[in-house]
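Visitor: Could you walk me through this one? I'd like to ask short questions as we go.

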Amino acid sequence: MDFTEFKQEVNRHFGLYLDGYKEPQLKRRIESLMSSLKVEDYKTYFNLLVRDNQQWQRFIDKITINVTEFFRNPEIFLRLEKEILPTLIKRHKYLKVWSAACADGSEPYSLAILLDELAPGGNHRIDATDIDINALEKAKKGIYNQRAVQSVTTSRLKNYFRQENDTFYLNEKIKGMVKFYRKDLLKDHFGSGYHLIVCRNVVIYFTAPTQEKLYRRFFQALAPGGFLFIGATESLFQYKEIGFEKYAPWFYYRP
Ligand SMILES: C[S@@+](CC[C@H](N)C(=O)[O-])C[C@H]1O[C@@H](n2cnc3c(N)ncnc32)[C@H](O)[C@@H]1O
């Protein structure tokens, strides 16, 4: 079995579409897992993944990379807080927001905190999705370490978390504002009518054609006037062809 066949088998058996990921990085990660297990060929490794759920979870963890934190790049979140969300709140009674590839929930919960501050009691809907069920389970618990909350201001820490030693428990009100679902961005259906879609630090792992396809699908999922917020190391070169207008660095909108 070569690498292409391995990817096909993983897709067929587990429904994970690896062809959308950049091959050199993906291969490096998979081969490092194989070498840690002293497995030398893809067939043996694939059979192991089928047999051993623990190895499959390790595989998923390695492919997905769950690094995240609350208000990641706080200076960029400021634009969301000061300009974009206030504009959207003026236009719509209820906002429909999607954090796509939400990892452990730090990102959608940051959005929930902002909405709670800007429009308290508003009946907004925040969908948060990720491919990784372990990350989603962690997200639902809402329990974080010091590192995850390093960019949270002292007053927000006080208002929205309960601290016990180095552990931070998010309050129930904010937890209740976010609905978590499993969704593979490369395969699953997208909703529609979103006023804000946040998709940060995941498309960098995808090939260029996959990225473009994904941005087209986000465009379709946005309501007219809705914004797309992308990662600080990402750029959307083909935004005009897709139909987006650029609002500011890392923010695009559907006219
Ligand atoms: C680096 S984290 C980004 C988290 C957050 N958006 C942020 O910027 O802090 C990348 C996330 O993408 C998820 N992911 C990877 N491939 C995915 C796919 N095909 N569909 C949905 N989520 C995926 C991973 O499970 C991981 O939680």
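Visitor: Where does the largest pocket lie with respect to domain 1 and domain 2?

Guide: This is a predicted model, and in it the largest pocket lies between the two domains, because domain 1 (3-64) and domain 2 (74-253) both give residues to its lining.

Visitor: And how much space lies in there?

Guide: The largest pocket holds about 350 Å³ of space, and of the 23 residues that line it, T64, A101, D130, N201 and V202 are the closest to its centre. Sorted by class, that lining is made up of 12 nonpolar, 4 polar and 7 charged residues.

Visitor: OK, the ligand: which pocket does it sit in?

Guide: The ligand sits in the largest pocket. There are 21 residues around the ligand, and those that come nearest are Y21, T68, R72, D130 and N201; by class, this shell has 10 nonpolar, 4 polar and 7 charged residues.

Visitor: Which backbone atoms come up against nitrogen atoms of the ligand?

Guide: A polar backbone atom of A101 is 2.8 Å from a nitrogen atom of the ligand, and for R200 the corresponding distance, again from a polar backbone atom to a ligand nitrogen, is 2.9 Å. For I131, a backbone N or O atom lies 3.4 Å from a nitrogen atom of the ligand.

Visitor: How much of the ligand's accessible area does the protein cover?

Guide: On its own the ligand has 600 Å² of accessible area, and the protein covers 99% of that.

Visitor: Switching topic, what lines the second largest pocket?

Guide: Its lining consists of N66, V67, T68, D104, N134, A135, K138, Y144, N145, R147 and A148, and the volume of this second largest pocket is about 180 Å³.

Key. Residues are numbered from 1 along each chain as its sequence is written. This is a predicted model: local features need pLDDT of at least 70, side-chain atom pairs count only at pLDDT 80 or more; totals for chains, interfaces and linings use all residues. Side-chain values use heavy atoms; hydrogens and water are left out. A residue is near a molecule or strand if one of its heavy atoms lies within 4 Å of it. A polar contact is a pair of N or O atoms within 3.5 Å; within protein, one must be able to donate a hydrogen and the other to accept it, and residues adjacent in sequence count only if both atoms are side-chain atoms. Accessible areas come from the Shrake-Rupley method with a 1.4 Å probe; for residues, only the protein chains shown count as cover. On a 1 Å grid over the protein atoms alone, a cavity is a set of points where a 1.4 Å probe fits but cannot get out, and a pocket is an open set with protein on both sides within 12 Å along at least five of seven lines; lining residues have an atom within 4 Å of a point. A molecule sits in a cavity or pocket if more than half of its atoms lie within 2 Å of its grid points. Ala, Val, Leu, Ile, Met, Phe, Trp, Tyr, Cys and Pro count as nonpolar, Asp, Glu, Lys and Arg as charged, and the others, Gly among them, as polar. Grid points are joined across faces, edges and corners, and a volume is the space filled by probe spheres set on the points. Domain bounds come from an automatic or database domain assignment.
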